[in-house]
Amino acid sequence: LQVKVSPSSWPSWVNLKCDSTCGLAGYPAYIWYKNGQSVREQTTRDYVVYLNSEDSYSCAVKGYEHLHSPLVCVQGNRCNRVSYPTRNMCVLRGTSVDISCTYNSYSYNSYKYWFKWRDNQQPRDLQTEYEGRVEFPAEETGRSTLRITDLRDTDSAEYRFTFRSTSHEWKGTFHGTTLTVTGLRVEVTPVAMVREGQRVTLTCMTSCPLTDKPSYMWYQNNGPVTGPESPENQLVLDPVSPRHAGNYACSVRNYPHLRSPEETLTGNDDWTVTYTSSNVCSLRGSTVDITCNYRYPENQYRTSPVETLWFTKEDNKQPVDLLSDTDYAGRVEYTCGEISCNWYECKGRCTLRIRDLRQSDSAGYKFRFKTNQPGGQYTGEPGVMLSVTDLQVKVNPSGYSLWVYLTCDSTCGLAGYPAYIWYKNGQCVREQTAWYYGVYLNSEDSYSCAVEGYEHLHSPLVCVRGDHCNRVSYPTRNMCVLRGTSVDISCTYNSYQTFMYYKYWFKWRDNQQPRDLQTEYGGRVEYPAEETGRSTLRITDLRDTDSAEYRFTFRSTSHEWKGTFHGTTLTVTGLRVEVTPVATVTEGQRVTLTCMTSCPLTDKPSYMWYQNNGPVTGPESPENQLVLDPVSPRHAGNYACSVRNYTHLRSPEETLTVQYAPKTTSATVSPSGEIEEGRSVTLSCSSDANPAANYTWFKVNTDHSSRDMNHGQQLVFGAILSSDSGQYLCKAQNELGTTSDSISINVKCE
């Protein structure tokens, strides 16, 4: 389309026509723009306008407003106008881009700047929003260039230019330059698992065609693929062979460090692990799932037994299973589905879940599986990089002196496009769900942000002006303390007004009025001497009913703190002993006794152990386990545990039973001494055994054969005969073993 200007029959007016080189089908409606803004009342192809040197005009067909004609002046060539030579740009993530426009102002400019277009929002100068990533190269007359460096996905947007002169402010509504920031990815056709001899095409894909039409480079297993750079974004392997198997990535010329994620090309006899994501960013304190798919050869149409593990550390070049890593104790679980097999391969899927994420969990995580096939183990390299981040509110100046621009920042990009929750003076701002927030500059107000679904992981409170705003912060979100002990729960606080009517701690109950704990806990609550801006609640003689969330409140002359986000959650726990593998074991086994709590104790105490009410010999241990390896009968008994400084608060006893084969079997005769014929004689057998032994008596013949005499612990002769003289053998037996002892008797004739 093109606007043509022709004289009108009226002085000081001209005729405008929205012209095209061929007749458009039908009778389309037209839209006219004056100084970049839509003229709502005009919908025909022709338009009569007043002859004004300042004004510029453009036209478009309704429904195709983004395809408007170039702006034209109706008198002279110095009218107000902004034109964008490039409507759409597609640029690689991590690189830089120059976005240009041509412009003219009829009179002197008081300001000019670029901004990111947001519907119904006031334009903001990008220099305040992009924190050092925006430059403006030296301008030519009538031309402005915006340079954005270190491009990020969030930079994808429409960018427009504006200016204000002594007589005009440019508020053009039609489209500027739309920037799309994209990464690279490798797509394999027909599939990533192929057979030798097929034709395979690897394509370096972007979400849009790159504007600068670069040359491409390819990498196999981190090394460059031999051959020159290619203007085509494809690598063709025809025919494919085993040497082509491996991990492939691509890059563009001048940016070899900005490679795509690797895509694995395998044959049907390869072992592979493929992760659903190579980088994961999660909030500290939240839960994260890391998932992989794995495959391996199987030619017998059966499922091989598979052992799986996830790891991040190695010990003597062997992976340390996260399930046994003390740094992850109680926070890790695996969910590995059933393995499916066909005639040439088996496939499985496994997910690692880590709860209560810590900063120290930021690391690379790898999956390893092992089958019963020769050499049948494989580790997925390079794994998944997990980054654990906190949220932080950053205060940025806006274009208005009494307002500031807040952003909810993290050190890495959170997955997806999460909704955000903002808090003003600790209370939720319901209408704001974006990662940014424009607020009035008030010295009393504090702000915090959180990701929806993780409201308990909100950012620290910040003041938007000065550092004396109203706020309450809890340095510890969760505490686990032993029943019967004491706990100190602290917070830092500030009131904009120094005079306070009251301040106190209370137990949080939904929709209930706060009550001062001193009236509720009957002498078990203390407030140690306060430091400025810090309050401590001490609860003594802790009970299970004290498990709750505790918050602090205050009221000053101008403000009552009614913060809705979480305070400190206290869990009161007892101790209990857990025996592994079971409480009844066999001599020689390895037995582990663990001093358990319902949550990890906050002060990480040392532990003491007791057997039959006496201390177990040895120093206190920071570990909560007592290992008996190998276990013996002397270890049997009743066990309890306690923590340092609270030896009177022992766990209930747990009984360890040790079973063993008969020991120290002994045969005796009664009465002792000389035995005369006709007297009553008793042979007795005893032994130490658990479970109790069964006894059998035998008489040993002169030919060393034996004859079963009796089943029982005693063999009784009511009136012994001289023929009963000889050697007798007692055998003691239980299900764990057998021992024996013998005794000889000599009966004298009368």
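**Exercise 1. A cysteine without a partner**

Task: In this predicted model, decide whether Cys 428 is buried, partly exposed or exposed, and explain why Cys 428 has no bond to its closest cysteine.

Solution.
Step 1. Cys 428 has a relative accessibility of 24%. Buried means under 20% and exposed means over 50%, so Cys 428 counts as partly exposed.
Step 2. The closest cysteine sulfur to that of Cys 428 belongs to Cys 449. The distance between these sulfurs is 12 Å, which is too far for a bond. For a disulfide, the two sulfur atoms must lie within 2.5 Å.

**Exercise 2. A second free cysteine**

Task: State which cysteine sulfur is nearest to that of Cys 491, and classify Cys 491 as buried or exposed.

Solution.
Step 1. The nearest cysteine sulfur is that of Cys 469, at 14 Å. Cys 491 takes part in no disulfide.
Step 2. The relative accessible area of Cys 491 is 0%, so this residue is buried.

**Exercise 3. The link of Cys 73 and Cys 79**

Task: Give the S to S distance for Cys 73 and Cys 79, find the handedness of the link from its torsion, and classify both residues by accessibility.

Solution.
Step 1. A disulfide is a covalent bond between two cysteine sulfurs. The sulfurs of Cys 73 and Cys 79 are 1.9 Å apart, and a disulfide joins the two residues. The structure holds 12 disulfides.
Step 2. About the S-S bond of Cys 73 and Cys 79 the torsion is about -75°, so this disulfide is left-handed.
Step 3. Cys 73 has 15% relative accessibility and counts as buried. Cys 79 has a relative accessible area of 0% and is also buried.

**Exercise 4. Two links between strands**

Task: For the disulfide of Cys 204 and Cys 250, find the handedness, the strands involved and the accessibility of each cysteine. Then treat Cys 595 and Cys 641 in the same way.

Solution.
Step 1. Cys 204 and Cys 250 are joined with an S to S distance of 2.0 Å. Their torsion is about 75°, so the disulfide is right-handed.
Step 2. Cys 204 belongs to strand 17 (residues 200-205) and Cys 250 to strand 21 (residues 246-252), so the link ties together parts that are 46 residues apart in sequence.
Step 3. The relative accessible area of Cys 204 is 1%, and this residue is buried. Cys 250, at 0% relative accessibility, counts as buried as well.
Step 4. Cys 595 and Cys 641 also form a disulfide, with 2.0 Å between their sulfur atoms. The angle about this S-S bond is 75°, and the link is right-handed.
Step 5. Cys 595 is in strand 51 (residues 591-596) and Cys 641 in strand 55 (residues 637-643), so this pair ties together parts that are 46 residues apart in sequence. Both Cys 595 and Cys 641 are buried.

**Exercise 5. A three-stranded sheet**

Task: Describe how strand 34 and strand 35 pair, then explain why strand 34 and strand 38 each have one side without a neighbour in the sheet.

Solution.
Step 1. Strand 34 (residues 392-397) pairs with strand 35 (residues 403-409) over 6 bridges, in the antiparallel sense. A hairpin of 5 residues joins the two strands.
Step 2. Opposite positions fix the register. Lys 394 faces Thr 407 of strand 35, and Pro 397 stands opposite Val 404 of strand 35.
Step 3. The open sheet has 3 strands in the order 34-35-38, with antiparallel pairing. Strand 34 and strand 38 (436-440) are at the edges and have a single partner strand each, so one side of each lacks a neighbour in the sheet.
Step 4. On average, neighbouring strands of this sheet are turned by 30° against each other, direction ignored.

**Exercise 6. Cavities**

Task: State how many cavities of 30 Å³ or more a search of the whole structure finds, and sort the lining residues of the two by class.

Solution.
Step 1. The search finds 2 such cavities.
Step 2. The largest cavity has a volume of about 40 Å³. Its lining is made up of Phe 115, Lys 116, Trp 117, Arg 118, Gln 121, Gln 122, Pro 123 and Arg 124. By class, this lining has 3 nonpolar, 2 polar and 3 charged residues.
Step 3. The second largest cavity has a volume of about 30 Å³. Phe 506, Lys 507, Trp 508, Arg 509, Gln 512, Gln 513 and Pro 514 line the second largest cavity. These residues divide into 3 nonpolar, 2 polar and 2 charged.

Technical notes
Residues are numbered from 1 along each chain as its sequence is written. This is a predicted model: local features need pLDDT of at least 70, side-chain atom pairs count only at pLDDT 80 or more; totals for chains, interfaces and linings use all residues. Side-chain values use heavy atoms; hydrogens and water are left out. On a 1 Å grid over the protein atoms alone, a cavity is a set of points where a 1.4 Å probe fits but cannot get out, and a pocket is an open set with protein on both sides within 12 Å along at least five of seven lines; lining residues have an atom within 4 Å of a point. Grid points are joined across faces, edges and corners, and a volume is the space filled by probe spheres set on the points. Ala, Val, Leu, Ile, Met, Phe, Trp, Tyr, Cys and Pro count as nonpolar, Asp, Glu, Lys and Arg as charged, and the others, Gly among them, as polar. Two strands pair if DSSP finds at least two bridges between them. Helices (H or I, at least four residues) and strands (E, at least two) are DSSP runs, numbered from the N terminus. Axes are lines fitted to C-alpha atoms, for helices over the stretch in contact, and angles run from 0 to 180 degrees between N-to-C directions. Buried means under 20% relative accessible area, exposed over 50%, partly exposed in between (1.4 Å probe, protein chains only).
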